[in-house]
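Biologist: I keep running into words like "buried" and "salt bridge" and would like to see what earns each label. Can we go through them one by one?

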Amino acid sequence: LSKLFQPTRIGDIEIANRVVMAPLTRSRADEAAGDVPGSEMNIEYYRQRSNAGLIISEGTQVSPIGKGYMATPGIYSDAQVEGWKPITRAVHEAGSKIVAQIWHVGRVSHPDLTGGVQPVAPSAVKPNVTAYTHNGKVDAPEPRALSSDDIKQVVAEYRRGAANAIRAGFDGVEIHGANGYLIDQFLRDGTNKRTDVYGGSVENRARFALEVVDACIAEIGAGRVGIRLSPVTPSNDISDSNPQAVFGYLVEELNKRGIAFIHFVEGATGGARDVPGFDFAWARKTFKGAYIANNGYDRAMAIQAVESGHADAVAFGRLFIANPDLVQRLKKNAPLNVPDPKTFYAPGPVGYIDYPALGNAA
Ligand SMILES: C=C(C(=O)O)c1ccccc1
């Protein structure tokens, strides 16, 4: 049996195998109820995929203005915490573990999604990004630059998200530090033009990310805190003049804190893996916590990555959308269902809980 299917521990979290379900926005929370998860359909979706050693939940916003897409769940209200409980219970009953990806989109949003409030960011740099709202496709507006008092409030929102994740039965959190969202906007010099202690030098641009990490560690312990990073992705109009400098510094600082894992998007998210600018092998050697590798992995690549020591675990996104029983299929090297992008973010059960498992494949 390949090492990919053998148990390991990620921080304080014991996992039965090294196949991870990547965080996947599906836009199927109950907006009318206040961006609450936990419908029967939501529970079934996560239960079906509880063969994963570890599930990373879809991005769940830490505040109403941290929302950037329709019908994404939150983790800031009591109703949302109650909504997550049957999901984490179902995942645990099936023998899997699950962490909450706590998220703030920053400037990748629109007043149609934030209750009419102008999106926020480290600096007032308009993104070249289209938001999809109930009014159709709209341009994301220029965001408002956060004041230093605002920043303290946002760090406290992530801390509340970490506390609420444990209350909701999650085994920990993955801080969403990737794909051009708020934390990434602070890290990269294409979006962070601040002249205070949160901008300019590498240390200053990493300050916000590390304050969020420290707040979550204080709340739930380093063994239950991970972070997702995408050093070279261009997602959501993000860029940096020297990713190795800022992300190299961040990895060394995260290593000092002994957090459970770093989940790396290797290359352009959902696209090319061979984007220059960051040395992932260096990061693997330097970071003593668990290295979760992601982005375009297939079965052979995942087995090779774990058996060669490049990664402790491999996260699959699109393959888990279409293959609820992905671990079984990988073990048997069985054929895989093909994901249908048309229903990735649609409401309803089609393309969500109706992909067939091997047992009942046609
Ligand atoms: C949370 C996302 C990310 O990390 O990029 C996301 C959100 C909506 C569509 C695709 C991806």
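Modeller: Sure, starting with helices: helices (H or I, at least four residues) and strands (E, at least two) are DSSP runs, numbered from the N terminus. Also, this is a predicted model, where local features need pLDDT of at least 70 and side-chain atom pairs count only at pLDDT 80 or more, while totals for chains, interfaces and linings use all residues. Residues are numbered from 1 along each chain as its sequence is written, and side-chain values use heavy atoms, leaving out hydrogens and water.

Biologist: What makes R47 and E44 a salt bridge?

Modeller: The rule asks for a side-chain nitrogen of Lys or Arg within 4 Å of a carboxyl oxygen of Asp or Glu. R47 and E44 have N to O at 2.5 Å, so the pair passes. In general, side chains of opposite charge can pair when their charged atoms come close. These two sit three residues apart in helix α1 (residues 40-48), so about one helical turn separates them.

Biologist: Why is R47 called partly exposed?

Modeller: Buried means under 20% relative accessible area, exposed means over 50%, and partly exposed is in between (1.4 Å probe, protein chains only). R47 has 40%, so it counts as partly exposed. E44, at 26%, is also partly exposed.

Biologist: What about R273 and E266, whose side chains meet in a salt bridge too?

Modeller: Their N to O distance is 2.9 Å. R273 has a relative accessible area of 33%, so the label is partly exposed. E266 has 4%, so that one is buried. Elsewhere, salt bridges that share partners join D214, E253, K256 and R257 into one network.

Biologist: How many salt bridges does the rule give?

Modeller: The count comes to 19. One of them joins D184 and R188, at 2.8 Å from N to O, and both of those residues are buried.

Biologist: What makes a group of residues a nonpolar core?

Modeller: Such a core is a set of buried Ala, Val, Leu, Ile, Met, Phe, Trp, Tyr and Cys residues, joined through side-chain atoms within 4.5 Å. In soluble globular proteins, nonpolar side chains tend to be buried together. The largest core here has 87 residues, and Y158, I175, F208, L254 and F316 have the most contacts inside it. Helix α5 (residues 202-220) gives the most to this core, with eleven residues. There's also a second, separate core of 14 residues, including I13, I56, V99 and A315.

Biologist: How do you know that N323 is buried?

Modeller: Its relative accessible area is 0%, so the label buried fits. N323 is in the loop between α9 (318-322) and α10 (326-332). Counting contact as heavy atoms within 4.5 Å, and skipping residues up to four places away in sequence, N323 touches R329, L336 and N337. A polar atom of the N323 side chain also lies 2.7 Å from the backbone nitrogen of N337.

Biologist: And why is P349 called partly exposed?

Modeller: P349 has a relative accessible area of 42%, so partly exposed is the label. P349 lies in the segment after α10. Leaving out residues up to four places away in sequence, P349 touches M41 and D354. P349 and G359 are ten residues apart in sequence and 20 Å apart in space, C-alpha to C-alpha.

Key:
A polar contact is a pair of N or O atoms within 3.5 Å; within protein, one must be able to donate a hydrogen and the other to accept it, and residues adjacent in sequence count only if both atoms are side-chain atoms.
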